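Q: I am new to this structure and would like a close look at a single part of it. Please take one sheet and what lies against it, and keep the account plain.

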Amino acid sequence: MISKNKTKLIRSLETKKGREKAGLFVAEGPKVVGDLKAAGFQLRELVTDDDVRHVSFLQHPQGILGVFEIPEYKVDRSVPDAGSLSLALDDVQDPGNLGTIIRIADWFGIEDIYCSLHTVDCWSPKVVQATMGSIARVRVHYQPLVELIKQLPESFPVYGTVLDGTNIYDEKLSENGLIIMGNEGNGISEEIKSLINRRLLIPNYPAGRKTGDSLNVAVATAVVCAEFRRRKYGTNI
């Protein structure tokens, strides 16, 4: 039987304050726990079988729950690597969206995501679960995005999806750069938008047909990442 102290600890990790205080986060399910262990994340507690029901954050517990240390990344990525493609998220709020974007980044070989300080915490149980284990292979950094972008060389490609941008399928895309995706309701903030030097539009089809105002941010991220990788690697990606 799981102890009261262990139950209290795990329950405290549902909040950002609790996670920051303990330096720990929760992962559930054999795949997510297995991927984190395989990637070298430090496992502090493992709960299995019937005990999981008493501490699970899921509606349908999956029989295994791991408590892991929040990692300190060994690779210095305080700014994007000059030769790599990275993502930046401007105040993405929905845990499901962030988890899905991390999963998309993993799929398309993007290793670093830069989040504004008001983006939802990537170590929350809902986000970790939504990544389906991809959080083990993608580094997520939190810092002021305006300061981050201003540190980059003027020639560094900074992409953003905006309604007055150039059709992404007509624009020349670089193999490196920073792709900025905006908040679910407000898009990219005006201050950050002013720092974009490559403005992209995801067109709707057929042209001129009345559609919704925008795509879900995770869906838009998938479309953009897929086109960047198609250009680099061809159709056999």
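How many bridges join strand 4 to strand 8?

A: The model shown here is predicted. Five bridges join strand 4 to strand 8, and these two strands run parallel. One place to look is Ala-88, which stands opposite Ile-180 in strand 8.

Strands 4 and 8 belong to an open sheet of six strands. Read across the sheet, the order is 6-5-4-8-7-9, with parallel pairing. Strand 6 (139-142) and strand 9 are the edge strands, each pairing on one side only. From one strand to the next, the twist averages 35 degrees.

Two helices can be placed against this sheet. Helix 5 lies across strand 4, strand 5 (112-115) and strand 6. The direction of helix 5 is at about 175 degrees to strand 4. Helix 9 lies across strand 4, strand 7, strand 8 and strand 9, and runs at about 160 degrees to strand 8. Strand 4 thus appears in both lists, under helix 5 and under helix 9.

Helix 9 can be followed from its start to the residue just after it. At the start, a side-chain oxygen of Asn-216 reaches to within 2.8 Å of the backbone nitrogen of Ala-218. The helix itself covers residues 217-233, which is 17 residues. At 1.5 Å a residue, helix 9 should span 24 Å, and because its end C-alpha atoms are 24 Å apart, the two values agree. Just after helix 9, Gly-234 takes a positive phi of about 85 degrees.

The buried residues of helix 9 include Val-217, Ala-218, Ala-220, Thr-221 and Val-224. Further along helix 9, Cys-225, Glu-227, Phe-228 and Arg-229 are buried as well. Ala-218 therefore comes up twice: its backbone nitrogen is the atom that the Asn-216 oxygen reaches, and Ala-218 is one of the buried residues.

What do the buried residues of helix 9 pack against? Among the strands, they pack against strand 4 (85-89), strand 7 (158-167), strand 8 (177-181) and strand 9 (198-201). They also pack against helix 5 (95-107). The part in view is then a six-stranded open sheet, with helix 5 across strands 4, 5 and 6, and helix 9 across strands 4, 7, 8 and 9.

Methods
Residues are numbered from 1 along each chain as its sequence is written. This is a predicted model: local features need pLDDT of at least 70, side-chain atom pairs count only at pLDDT 80 or more; totals for chains, interfaces and linings use all residues. Side-chain values use heavy atoms; hydrogens and water are left out. Helices (H or I, at least four residues) and strands (E, at least two) are DSSP runs, numbered from the N terminus. The expected span of a helix is 1.5 Å times one less than its number of residues. Buried means under 20% relative accessible area, exposed over 50%, partly exposed in between (1.4 Å probe, protein chains only). Contact means heavy atoms within 4.5 Å. A polar contact is a pair of N or O atoms within 3.5 Å; within protein, one must be able to donate a hydrogen and the other to accept it, and residues adjacent in sequence count only if both atoms are side-chain atoms. Two strands pair if DSSP finds at least two bridges between them. Axes are lines fitted to C-alpha atoms, for helices over the stretch in contact, and angles run from 0 to 180 degrees between N-to-C directions.
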